[in-house]
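Visitor: Could you take me through this structure slowly, and tell me each time how a term is justified?

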Amino acid sequence: MLFSSSIFLVYFLPVVLLLYFVLPHKAKNIFLLLSSIAFYSWGAPLFIFVILFTTTLDYFLVQFMWQSRAQKRKKLLLILSVMLNVGLLFYFKYCNFFIENINHLLSKFDANEIHWVNVILPIGISFYTFESLTYVIDVYRNEHKPLNNFFQYQLYILLFPKLIAGPIIRFSEIADQMTGRFATYNVDMILNGFCRFAIGLGKKVLIANALAKFANFYFYLSPESLTTIDCWMGALGYTFQIYFDFSGYSDMAIGLGKMFGFNFPENFNNPYTSKSITEFWRRWHMTLGSWMKNYLYIPLGGNKVKSQLRLYFNLWLVFILSGFWHGAEWTFIIWGLYHGFWLVLERMFLLKFLEKGKIFSVVFTFIVVTIGWVFFRHETFDKALRYVIHMFDFSNFSFDFSTDTRNVYAFGASIFFSVFILLPFGKKIQDYVFFNDNKSNVPQLAFVVVSLLIFVVSLASITATDFNPFIYFRF
Amino acid sequence: MLVLVMIVIFIPLLEQKFGIFDRTDILYGSYEIKKDTVLTPENWFNRRYQQKKEDFVNENFGFRNFLVKLNNEIEFSFYKDLHVNDVFLGKNNYLYGNTFYQNYTGRTFKQKYADSVFKTITQLNESLKAKNVKLLVCFAPCKESFYPEFLPDTNLAQVKDVNFYTYYQKKLKVAGVPLLDYDSYFRKLKPTAEHPLFTQGAVHWTTYGAYIALDTLLRRVAFETGKKVNTFHIKDIELSDTARLGDDDITKAMNLLRRVNTEKLAYPTIEYEHNNDSCEKPKVMIIGDSFFYGLNNTWIPGKVFSKETYFLYYFKTANPFDPSKKGGPVEELDLNEELKNTDIVILFFSTGHLDGLPYGADKLTKLK
């Protein structure tokens, strides 16, 4: 069930929200867990059993680990739990990829290929696995004691607002909210949550969906058939589409979380205003960045490694794995490699120059990121590379470019909102609108009314998207 | 404020369940209605239940029709998006049908195919003649040929010299097949017509245009059959800002909150020239497209033609003039029987639909 679907907006959200609101505090968590199970089962009716089984196993493994006094046993249980989760992710997400590549190699040597029935990727597995890992690792590191209530643990993993596409919430960030959030849960929180949800819905439905059609057109065609400006427009369309799509979804998740009393961590912070790739990764998919830093980069030695070479290797490795986390395709690995390359370059010398600049650094970083998205978007490395080459093939340059009004609006809105904080008072306005939960009555009313309008217009767009009747039926 | 939010997010569900408000806000156009589904363990686990339920809810929640209109209104006002299949926007908000346009440009024209169709029509003419039945070919105009000046410049540049209409028109004249060429007739009328013959928001001729066409048709049927057919003249005209009947067929299917038509449209009141009982009522078989509906909507053909008359829509659906008879597929009709005593067969198609001729009407040549 997608947040941007009629069934979620018209059935699931109002019913769950109302019942949650009227139920006593004691019953709220169990009701939210049941709602989350229903939410996930709707989209993955078989895989829900796998999640329920592994979360049960994980819960008891961590309990045993916590109670265990012997360090060796603790470590063994940690390894067991990590293997369970990583194994699950590997099986469902990466087996197809590896076997496909092994078979490709085998066919080169005329050897028999491995027979394999493709595994279907369960929705949200990358997010839920990473959260399961934070639970066991945070408890192992004594950052937080485990949850004593089995259902609370399941709720942490299955909580529907963030189950499908994050934000990836570390256990230590949410553990205290599982029962302690009711002290601060109030009407303003629900209202602010709804407004945040509506803004996210608008970003996804009204901006990202329009840009998706635009970008798909260019990425679908052979790069050779495009002019230089076509290639750039397609790449820019996708650059804004992915931002408004993903950040819109994160806004919806954060908003829903608030409506149920949770404070989820932010996932985006105006990434296209970054002055370097290093800064970009502090602003883009922040919860993944934080996860990678805490559970991969620091265990590898972090910044405290002995040699610069090792540091560069670690950085690159983290970004290759980060790319691979996004999808089991070579293009994602290349994308990770590409970002790792720029990060290493920045560590070596580039960052010093970029930090001095303002607009130039923002534009430079934006172009680097845009080129990266071309690899991310294409299905094959070959096509992506040809596309990038055409972006710089100025022999093919022509200003002969036209697009329809919808794309002009979508581009205009996406550029404006992407760089809004660079404007005078931009940051102050953003902080007031998004992060001030105690607005006075008039601004709050205006915020609610605007959010309701966005909600209604988005719902209208969702339900009408495929409604294109014929004037009359011709045989 | 929370109450306001709750009302807004709850109202579609409440309206769907209890139908609190007026539900006359229907959507126009031809579209498939999604059906609700029943839950079974099998369709739950293979996700068909979920998919069908989502489709059903998406089309049936409360105020959905209003929201579709709201969305279409926004998208038309801001982006000029139409949300109707097979239609595009010309200058000054003139709307055109793509199928008509393709035929008008000549892109669909294939000479070999046109020659075979022409041969079929001449054969039909001969075989009907042998049965003492007349044939009349009527070419209703298409909006593209009537209002080429409102076509987008890029579209206009693609018009070729020959299309099915220009080709058949010349050939049928030479072959002596009776032809009523409304396409050229309407273009001749255009500079002097007192009221719009075509309008911005419809692909078909206006109601006023249909009256003009019907007047010509009745006189031509009288001439061809040699029968005294009751004709009429326009007694009075009512001018209206609101389109009626099919005069806003596209804008209706665009499902907007407001109408885009800006012209005053004419709605005639007629007077028959003779006492209906003193006239003969020819038995007619009309094989045609939706342009004939415009004529039929005046109710005049039902009065001046025999009750045994049939309108065979695209030669697929039989619409009897006799209200006591039921319509149905043409295959279920005994064509041999129906052709007996028929005075005239009329092929009535728009010049924008000639790519599909003879639409199965060649079956009539094979009848005994």
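Guide: Let us begin with confidence: pLDDT is the predictor's confidence in each residue, from 0 to 100. On that scale the mean for chain B is 90, and 99% of its residues reach 70 or more. This is a predicted model, in which local features need pLDDT of at least 70 and side-chain atom pairs count only at 80 or more, while totals for chains, interfaces and linings use all residues. Residues are numbered from 1 along each chain as its sequence is written, and chains are lettered from A.

Visitor: Why is strand S11 of chain B called mostly covered?

Guide: A residue is buried if 20 or more other C-beta atoms, placed from the backbone, lie within 10 Å of its own, exposed if 12 or fewer, and partly exposed in between. In S11(B), residues 344-350, 7 of 7 residues are buried, so the strand is called mostly covered. Both faces are covered, with B:Ile344 among the buried residues on one side and B:Val345 among those on the other.

Visitor: How do you know that strand S3 of chain B pairs with S11(B)?

Guide: Strands (E, at least two residues) are DSSP runs, numbered from the N terminus, and two strands pair if DSSP finds at least two bridges between them. S3(B), residues 134-140, and S11(B) share 7 bridges in the parallel sense, and therefore they count as paired. In S11(B), B:Val345 is the bridge partner of B:Leu135.

Visitor: What makes strand S7 of chain B a partner of S11(B)?

Guide: S7(B), residues 284-288, pairs with S11(B) in the parallel sense over 5 bridges, and B:Val284 stands opposite B:Ile344.

Methods: Helices (H or I, at least four residues) and strands (E, at least two) are DSSP runs, numbered from the N terminus.
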